[in-house]
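I opened this notebook to record what I looked up in the coordinates. The entries run from the whole chain down to single residues.

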Amino acid sequence: MTRRPARSVVASPVLVGAITLLVACVAVLLAVQANRGLPFVPSYDLRAELPGGANLIEGNEVRMGGFRVGVIEQIRPAVSPRGAQRSIAVVHMKLDKKVEPLAVDTGITVRPRSALGLKYIELTPGTSARALAAGATIPLENAVKPTELDEFFGLNDAEFRGNQRTTLQGFGNAFAGRGQSINLAIQSLVPFVTHLEPVMRTLSDPDNDLGELFRQSERFSGQIAPVARTYASLFVNMATTFEALSRHPERLRGTIERGAPTLEQAIRSFPVQRPFLAETEELMRRLEPVALEMTRSLPPTTDALETGAPVLARAPALYRETQNVFAALDDLASEPTTLLGLQDLHDLLDVATPLVEWVAPFQTVCNYWNYYWNAIGEHVSEPVPGGTLQRSSLGSDNRTQDNRISTHDADRPADIPSDQPIDSRDPLGDQLVALHAGAYTPAVDAQGKADCQVGQTGYTSGPNVPDSRYGPSTNPAEGGGSHVVRSTDLPGIRYGGTYKARELGIDGIEDVP
C-alpha cells in the first residue's frame with residue numbers, strides 16, 4: 001500500500017491569493033486607523049478647551065517635548081461655561097499611557113507644523129501636585145491663543161511699511177557718525193548686564209511671586225482711582241512743602257544730620273519700650289468695650305452737660321444762699337432752747353409710737369407716704385388740665401372761667417362745658433379746669449384686704465359725683481359740663497396691693513410681718 005504525499009499550503013493558488021488579500025486588507029485598515037490610534041491599544045483620553053479651532057483637523061498629532069504622544073480624536077464647537085459667553089473649540093485627545101498623569105496646570109498651545117497650514121497641539125507639563133484624571137478637561141485658562149501666519153503677515157500693510165521705513169531712517173540718522181559712542185555704550189553695558197543677571201534671576205524665581213506684585217498693583221490702582229483727585233492734591237501740596245523746605249537748606253541739612261542719631265537712639269530705646277507697648281495694647285483691648293459704650297453714652301451726656309451748664313452758672317448764687325442757711329442752722333444749734341427741744345423729742349416719740357404702729361401696716365401695704373410725695377410733685381410740675389387747691393395757690397388758675405377753683409363764691413364745682421373737650425381754653429388762651437377732688441380712700445377694705453386705689457390709677461374721665469349735690473350738667477348756661485370728678489372710690493372694685501406689695505406677697509393686713 002502506497003501513501004499519497006501531503007500537499008503544501010502554498011500549493012493552492014486560491015488559498016495563497018486569499019491570505020494575501022486578507023493581509024492587504026488588514027494593512028490598509030491599520031494604515032487608515034493609524035491617525036486615530038491603533039485599535040486595542042490602551043490610551044489616556046483628555047479633553048481641552050481652546051480659544052479657536054485654528055485649522056486643526058481630526059488626526060493631527062499631539063506632541064510634548066517635541067515627541068508625538070497622541071492624536072486628536074474629535075473636534076467640536078462649544079460655548080465657554082465661565083465668564084462672558086464666547087465661542088471656543090473643544091478637542092478630544094487620545095494620548096499614550098506613558099504620559100499619564102498630567103498636572104492640572106498643564107499648558108496647551110496650537111502650533112504650526114509647516115508653512116502649508118498643518119497644525120499640531122503642543123502640551124507643556126505643569127508643576128501642580130494635582131493630576132488630570134482620564135476624561136478630564138484642560139480649562140481654557142491654560143490655553144494660549146496662537147498667532148496665525150496670515151495674521152502676522154497681514155500686519156505688514158502699506159501704512160506699517162511706511163512707518164517702518166521712517167523708523168529705520170530715524171535709527172540710521174541716530175547712529176550715523178556715532179560709532180565711537182556706540183562702542184562706549186556697549187562697553188558700559190557689560191558691567192550693567194553683569195550686575196543685572198543676578199537681579200533678573202532673583203526676579204524670575206517662582207518663589208518671589210512677581211506676578212502677584214503686578215496683580216496687587218492693579219487692585220491697588222483700582223482702589224486709588226476713586227480718590228485720584230485727592231492724591232493729586234496731595235502731590236501738589238507736597239510739591240509746595242518741598243519748595244518751602246528748599247528755601248532753608250541749612251536747616252534741612254541740620255534736620256537730616258540729626259536724623260541718624262535720632263534713629264540710633266530709637267533703636268536703643270524701642271526694645272526697652274516693648275513691655276510698655278505690650279501693656280498698652282492690653283489696655284487698649286480692655287478699653288474697647290468702654291469706647292463702644294461711650295459712643296452710646298456720650299450723646300445723652302452731652303445733652304446733660306449742655307443743660308447743666310446754665311444751671312451751674314447760677315450755682316454760686318445758690319451757694320451764697322446756702323451759706324446763709326447753714327449760718328442760720330448754726331445759730332439755731334447755739335440756742336439753749338434747741339437742746340431742750342431735742343430733749344423733748346423722746347417724749348414726742350413715745351406719743352407718736354402708737355400712731356406709727358397703727359399707720360405702719362397701711363404704709364407697708366399701700367406705700368401711701370411715697371405716693372403722697374409723688375402726687376405733690378405732679379401737682380406743682382405737670383401741666384395737666386384740671387385743678388386742685390395746691391395748683392390754685394401756685395397761680396395756675398385761669399382768669400375768666402365761671403366757678404373757678406380759686407373763687408369762694410362758686411355755685412357749683414369747677415367744670416368745662418359739655419360741648420367742649422377737656423383741654424379747651426378760654427378766649428384769653430388760659431386752660432379751662434375741671435374739679436378732680438378724689439379723696440384718699442381706705443388702704444384696706446372691710447375684709448382687711450388691700451385696696452390701694454390712690455396712686456395706682458389716674459383721674460377718671462368724669463362725670464363721677466355720687467356724694468355731691470351738684471351733679472354733672474349738660475346745660476352750657478349753668479357753666480357745668482361732664483368732666484367733673486368728686487370721688488375716685490369706684491364702688492365694687494378692689495385694686496389690691498401696689499406692685500411692690502404684690503411682689504412681696506402682701507395682700508392684706510394679715511400678711512404684714
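The entries below cover the chain, the sheet, the salt bridges and a surface patch.

**Entry 1: the chain as a whole**

I noted at the outset that the model is predicted. I then looked up the secondary structure and found 13 helices and eight strands. The chain has 513 residues, and I recorded 21% of them as buried.

For the contacts, I considered pairs with a separation of 6 or more; residues 24 or more positions apart account for 61% of these. The exposed area of the chain came to about 37600 Å². I asked which atoms supply 61% of that area. The lookup returned carbon and sulfur.

**Entry 2: the sheet**

In what order do the eight strands of the open sheet run? I read the order as E7-E1-E4-E3-E2-E6-E5-E8, with mixed pairing. At the edges I found strand E7, residues 137-138, and strand E8, residues 143-144, each of which pairs on one side only.

I next examined one pair inside that order. Strand E3 spans residues 67-79 and strand E4 spans residues 87-96; the two pair in the antiparallel sense over nine bridges. To fix the register I looked up alanine 78, whose bridge partner in E4 is isoleucine 88.

**Entry 3: the salt bridges**

My search of the whole structure gave 12 salt bridges. I followed several of them individually.

Glutamate 282 forms a salt bridge with arginine 285, and I recorded 2.2 Å between the closest N and O atoms. Both residues lie in helix H7, which covers residues 249-313. They are three residues apart there, about one turn of the helix. For glutamate 282 I found a relative accessibility of 29%, so this residue counts as partly exposed. I also noted a network: salt bridges that share partners join Glu61, Arg63 and Arg68.

Arginine 247 and glutamate 243 meet through their side chains in a salt bridge, at 3.0 Å from N to O. Are these two partners buried or exposed? Arginine 247 counts as exposed, because its relative accessibility is 60% and the cut-off for exposed is over 50%. Glutamate 243, at 37%, counts as partly exposed.

The salt bridge of aspartate 209 with arginine 215 has its closest N and O atoms 4.0 Å apart. I recorded aspartate 209 as partly exposed, with a relative accessible area of 39%. Arginine 215 is likewise partly exposed, at 42% relative accessibility.

**Entry 4: a nonpolar patch**

I turned last to the surface and found a nonpolar patch made of Val227, Tyr231, Leu234, Phe235, Met238, Phe242, Leu245, Leu252 and Ile256. Together these residues have about 810 Å² of accessible area.

Which helices each supply at least two residues of the nonpolar patch? I identified helix H6, residues 228-246, and H7. H6 gives the largest share, six residues.

I checked one member separately. Leucine 252 has its place in helix H7. Its relative accessibility is 33%, so leucine 252 counts as partly exposed. That value meets the patch requirement, because patch residues need over 30% relative accessible area. Helix H7 thus appeared twice in my notes, with the pair glutamate 282 and arginine 285 and with leucine 252.

Technical notes:
Residues numbered from 1 in each chain as written. Predicted model: local features only at pLDDT ≥ 70, side-chain atom pairs only at ≥ 80, totals over all residues. Heavy atoms only, no water. Helix = DSSP H or I, 4+ residues; strand = E, 2+ residues; numbered from the N terminus. Buried < 20%, exposed > 50% of the residue type's maximum accessible area, 1.4 Å probe, protein only. Contact = heavy atoms within 4.5 Å. Areas by Shrake-Rupley, 256 points an atom, 1.4 Å probe, with all protein chains shown as cover. Pairing = 2+ DSSP bridges. Patch = residues over 30% accessible without salt bridge, like charges linked within 9 Å, V, L, I, M, F, W, Y side chains within 5 Å.
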